[in-house]
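Hi everyone, thanks for coming. Let me put the model up on the screen, and then we can walk through it together.

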Amino acid sequence: MIKSAAGAASYLIEQATRRADLTGWYDGIIDGAGLAKGDPRLQFRRAMFNMTRRHAGQPLRRRDTREHVALYLKAFNAWHTGEPIAQLRFTSRDPMPRIAKAR
């Protein structure tokens, strides 16, 4: 993930959820151990790793800071609200997601 996008996104969620314990979120996206299928943290990790891998016959995808922040926020919102997600996507036409407040 782009470092500035990671910093900006983590700052945004920390400010929006000041009283929430986000240890599980950070442990999941950093470590990835024990995450079940459909877990938003796992989907986020997969999306970030897929952006950096070169697939046979395809050039590397252009890294876009806005897209990284939006994917981070979408994954966080799903994790924070307890909703499993099958696929994590963001297109340039999508609005920037708002941060979920309550679990």
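Let's begin with a pair of side chains: arginine 41 and aspartate 39 form a salt bridge, at 2.8 Å from N to O. By salt bridge I mean a side-chain nitrogen of Lys or Arg within 4 Å of a carboxyl oxygen of Asp or Glu. The structure holds 1 salt bridge. Arginine 41 is buried, at a relative accessible area of 14%, and aspartate 39 is buried too, at 14%. Buried here means under 20% relative accessible area, and exposed means over 50%, with a 1.4 Å probe and protein chains only.

A word on the source: this is a predicted model, where local features need pLDDT of at least 70 and side-chain atom pairs count only at pLDDT 80 or more, while totals for chains, interfaces and linings use all residues. Residues are numbered from 1 along each chain as its sequence is written, and side-chain values use heavy atoms, without hydrogens and water.

Now to helix H2, residues 23–30 (helices are DSSP runs of H or I, at least four residues, numbered from the N terminus). Which residues of H2 are buried? They are Trp25, Gly28 and Ile29. These residues cover an arc of only 90° around the axis, so they lie on the same side of H2 (the arc is taken from directions between the helix axis and the C-beta atoms). The buried residues of H2 pack against helix H1 (3–16), helix H3 (40–52) and helix H4 (65–81), where contact means heavy atoms within 4.5 Å. After H2 comes glycine 32, with a positive phi near 80°.

Technical notes: Helices (H or I, at least four residues) and strands (E, at least two) are DSSP runs, numbered from the N terminus.
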